[in-house]
There are 2 protein chains.
Amino acid sequence: MKRPMIINVFEACSPGFMPPGMWQNPEDESFNYLKIEHWSKLAKLLERGRFDGIFLADILGNLDIYGGGLAAALTSGMVTPCNDPLMIIPSMAQVTEHLGFGVTASLSYEPPYLFARKMSTLDHLTNGRIGWNVVTSYLDSAARALGLDRQLPHEERYRVAEEYMELMYKLWEGSWEDDAVIRDRTSGVYAKPELVHPVVHHGKYFKLEAIHRCEPSPQRTPIIYQAGSSSKGRGFAAHHGECIFVDTSSIEKTRGVAEDIRRQASELGRDQDSLRIIGGIMVIVGETEADAQAQLEKHRKFLLPGGTLAMMSAAMGFDLAAQDPDSPIGAISSEGNLSAVRVLTDSENAFTPRAVGNHLQGGHGAVIVGTPSSVADEMERWIEEASLDGFNLSQGFRFDTMERFVDLAVPELQRRGVMQREYRPGTMREKIFGKSARLPASHPADNYRIKRD
Amino acid sequence: MKRPMIINVFEACSPGFMPPGMWQNPEDESFNYLKIEHWSKLAKLLERGRFDGIFLADILGNLDIYGGGLAAALTSGMVTPCNDPLMIIPSMAQVTEHLGFGVTASLSYEPPYLFARKMSTLDHLTNGRIGWNVVTSYLDSAARALGLDRQLPHEERYRVAEEYMELMYKLWEGSWEDDAVIRDRTSGVYAKPELVHPVVHHGKYFKLEAIHRCEPSPQRTPIIYQAGSSSKGRGFAAHHGECIFVDTSSIEKTRGVAEDIRRQASELGRDQDSLRIIGGIMVIVGETEADAQAQLEKHRKFLLPGGTLAMMSAAMGFDLAAQDPDSPIGAISSEGNLSAVRVLTDSENAFTPRAVGNHLQGGHGAVIVGTPSSVADEMERWIEEASLDGFNLSQGFRFDTMERFVDLAVPELQRRGVMQREYRPGTMREKIFGKSARLPASHPADNYRIKRD
């Protein structure tokens, strides 16, 4: 049997996400995003469907470029408002046993010592089912929200990111030795002091002197997710990433990005089997072709193009409302902020603001529509031809679109042997890679481990 | 009927807390502190006992003064290791309906924009059952963990705290108007942009320009907890605090602190009924006096004095291991760091390091031992004579000590009409104060609300 596809859902802790406006459907449950029960329900649905995980996006700052304000973001609810995605994980973990949780957090703004503790706490509470989508943030509005005048330049953000990762590995992998915690009721020793080491870090961007605040968690370092298609982003992903999220605007482009990341990782000495590349797509499945098309029309009916345009304008750093809606957007600098943008630079430059707004994935992700058999064909084709290992699925209606996927597409994919029927045991890293709960020796985190003879 | 006592449990997300070492008891469940189920079990127990809430302590940095290192903290497990207490709240909220959650977070290190979002998210997820214990941190080791050379001086920490609170009120109370979120499926408007206002703050310590990232939560500002016995601390508590946590080393001293806080609050124009003062105590209850004494002995048997001494040395900023264990500790500067310390300054200066280490509450909290009737008498006496509104109870054995309290003491307190039999409806603020879910107009947060005619 082929290695099964990785299947995640792609979500945000917000009333609106890609595609925006779905809450207008009276049967949609997006308004409950504020409640624990909403997320528990989704988590149980996904585990029933044998999903690998839920991938939680996050944006700090505001989508304030489009139209020079927040009107489109606020009216559509496009990641505006947006609650803290970390906080919904413990209750989802409580009602599931296997589902993984990949969560976005920006190293530009989270104090390293506190962030390392948050993730270790979640790794403990989820029994090793946590992943971290490393982002550096890309909005000037986020910088202003966090007390700066503007964000650091793109290149410098990646230098900061490298040092931040080093610090995380020191805390997660190098502070507590494996056998430090003995919990000896006879001698009254919880942990052996000689096996717990302070991290002393005096770097260019960060300074820290402390032991890690948490005892060793199942995975130590959470699974490292990364979504980077810029040249710097790919380099970072090849160096650190384990699950790498890429766009799917075309098979050729996606394959090019995937192959480049694999090649770079290989050149860095990474084990090729320690890397998975995951494409962002949307799947609308019906019992018949007509049913699927009716579902597609229903999604289109409730789409709010302003939400997508607000997101894309923020990502690109210029106002699509000030453009002719029917003229191609044209080439965007490769130092544009969001990976989403860069797929629009060449073959897609026929994309106009109107086309982007009207596309369910904003023009940078495939939308696959059809019967269980035809969507399975298409998903298999993407895996093969675009060199992918799996997918992050946009939700559409909460939760009707995903319920259809679970009830119609999943059995077909399982029947074909390309999706798991049962979970593997262990942590998220063990489930996905079938090996150790810990990062392999070929990963740069290994440099920060304490090695005893 | 008298106003019922407020009853919370006092906990930390750690294998050891006051009194330290209880995990040595083979029946103790402290080792499970890493698991969701541990906290769900506690939450359900407390709700069965009609507790108002769980109060979660937290310490950043390390207890590294005692003996010049971390040996005592690590061997006893005294808040070392210590997971992020925020992360255990959602799963406890999921299995309860009424229990409140007071959580400690340091404004010295949490970026304001991100912290405001965390708390609003929790206020949504808990349906308005969240409280924030505002601390400024007191350890140089925490400052070093967060990249500074040392902490700010005590006075300046409180100036920072005032500005931080102002910023929180602006975000929580002044960014989104009450009727901003309309969720109109017909017009496709989630929130009205004209009713969502950016906070523009350019202060001495903080700068921020952004709308609050979350839509209005049930309480907006969480219940403000504060634990301050220093003169600056009392002033801060009188200004901002709703539930104020004080020591109980003696009835006279506690009454003096409580009356001073109430007087200061009154002078600041605060409604006297918008303030509750809560003493930290430990209650060991048995079916008979002999049973209670046997329980007390069992707690003493497993006590690890080094844990308490590590905590007290860190709090005082000097090494109790370097003192003669049988000489009185003597007067400590009133600018000592922890409120815990200051109760040792005069009548208690007979406390020696040995006595502090051997005391189940480290010398700064009452330990009440007896039958249901006698502990209820003593609790009532503290309420009356020390001018208290309720208690934070130290746990002792997890969860045997608290199960005994719930099964033996709670029915007696309820029978006397001094503890609630059922919860009041609504948010934590409504349950505790019996009024609005929002802060009253006499609270300084009111200055930052948008007032329309």
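How many salt bridges are there over all chains? The count comes to 80. Keep that in mind, and let me walk you through the structure. One caution before we start: this is a predicted model.

Let's begin with the two chains. Lay chain B on chain A and the RMSD is 0.0 Å. The move that does this is a turn of 180°, with a shift of 0.0 Å along the axis. The two copies are thus related as by a two-fold rotation axis. Which residue of chain B comes closest to that axis? S91(B), with its C-alpha at 2.3 Å.

Now, the contact between the chains. Chain B gives 75 residues, and chain A gives 75 residues. Of the interface residues of chain B, 100% are also interface residues in chain A, so the copies meet through the same surface.

How do we put a size on that? The size of an interface is often given as the accessible area lost when the parts come together. Here, about 6800 Å² is buried between chain B and chain A. Carbon and sulfur atoms give 59% of that area. In chain B, three residues lose the most area to chain A: M87(B), R185(B) and R213(B). Together they make up 13% of what that side buries.

Next, polar contacts across the interface. Between chain B and chain A, 38 residue pairs are in polar contact. Several elements of chain B each supply at least two residues of the side that touches chain A. Among them are helix 1 (36–48), helix 3 (89–94) and strand 5 (181–184). Which helix supplies the largest share? Helix 4 of chain B, with 8 residues.

Let's look at one polar contact up close. E215(A) sits in the loop between strand 8 (207–210) and strand 9 (223–226) of chain A. Its relative accessibility is 5%, so E215(A) counts as buried. The side chain of E215(A) makes a polar contact with the side chain of Y33(B), at 2.5 Å. Residues of both chains touch E215(A). From chain A they include H124(A), W176(A) and R183(A). From chain B there are Y33(B), L34(B) and P81(B).

Back to salt bridges. Side chains of opposite charge can pair when their charged atoms come close. How many salt bridges run between chain B and chain A? The count is 2. In one of them, R117(B) meets D58(A), at 2.7 Å from N to O. D58(B) also forms a salt bridge with R117(A), with the closest N and O atoms 2.7 Å apart. D58(B) lies in the loop between strand 2 (53–56) and helix 2 of chain B, and R117(A) lies in helix 4 of chain A, so the pair joins two chains.

Are D58(B) and R117(A) buried or exposed? The cut-off for buried is under 20% relative accessible area. D58(B) has 16%, so D58(B) counts as buried. R117(A) has 4%, so R117(A) is buried.

Now compare a pair inside chain A. K451(A) forms a salt bridge with D446(A), the closest N and O atoms being 3.0 Å apart. K451(A) is exposed, at 55% relative accessible area. D446(A), at 14%, counts as buried.

Here is a pair along a helix. R255(B) and E259(B) meet in a salt bridge, at 4.0 Å from N to O. They are 4 residues apart in helix 8 (residues 251–267) of chain B, so about one helical turn separates them. R255(B) counts as partly exposed, at 32%. E259(B) counts as partly exposed too, at 43%.

Salt bridges can also link up. A network of them in chain A joins R3(A), R262(A), D271(A), D273(A), R276(A), D389(A) and K435(A).

Last stop, the nonpolar core. The largest one holds 281 residues. Which members touch the most other members? F51, W132 and F405, in chain A and in chain B: that is F51(A), W132(A), F405(A), F51(B), W132(B) and F405(B). Take F405(A). Beyond its neighbours within four places in sequence, F405(A) is in contact with residues including I7(A), F51(A), V283(A) and L413(A). Apart from this core lies another, of 10 residues. Among its members are M282(B), I284(B), F302(B) and L360(B).

To close, return to the pair across the chains: D58(B) with R117(A), at 2.7 Å. Find that pair in the structure above, and then look for E215(A) with Y33(B).

Technical notes:
Residues are numbered from 1 along each chain as its sequence is written. Chains are lettered from A and ligands numbered from 1 in the order in which they are written. This is a predicted model: local features need pLDDT of at least 70, side-chain atom pairs count only at pLDDT 80 or more; totals for chains, interfaces and linings use all residues. Side-chain values use heavy atoms; hydrogens and water are left out. Copies are superposed by least squares on the C-alpha atoms of residues with pLDDT of at least 70 in both. Contact means heavy atoms within 4.5 Å. A nonpolar core is a set of buried Ala, Val, Leu, Ile, Met, Phe, Trp, Tyr and Cys residues joined through side-chain atoms within 4.5 Å. Buried means under 20% relative accessible area, exposed over 50%, partly exposed in between (1.4 Å probe, protein chains only). Buried area is the accessible area (1.4 Å probe) that two parts lose on being put together, summed over both. A salt bridge is a side-chain nitrogen of Lys or Arg within 4 Å of a carboxyl oxygen of Asp or Glu. A polar contact is a pair of N or O atoms within 3.5 Å; within protein, one must be able to donate a hydrogen and the other to accept it, and residues adjacent in sequence count only if both atoms are side-chain atoms.
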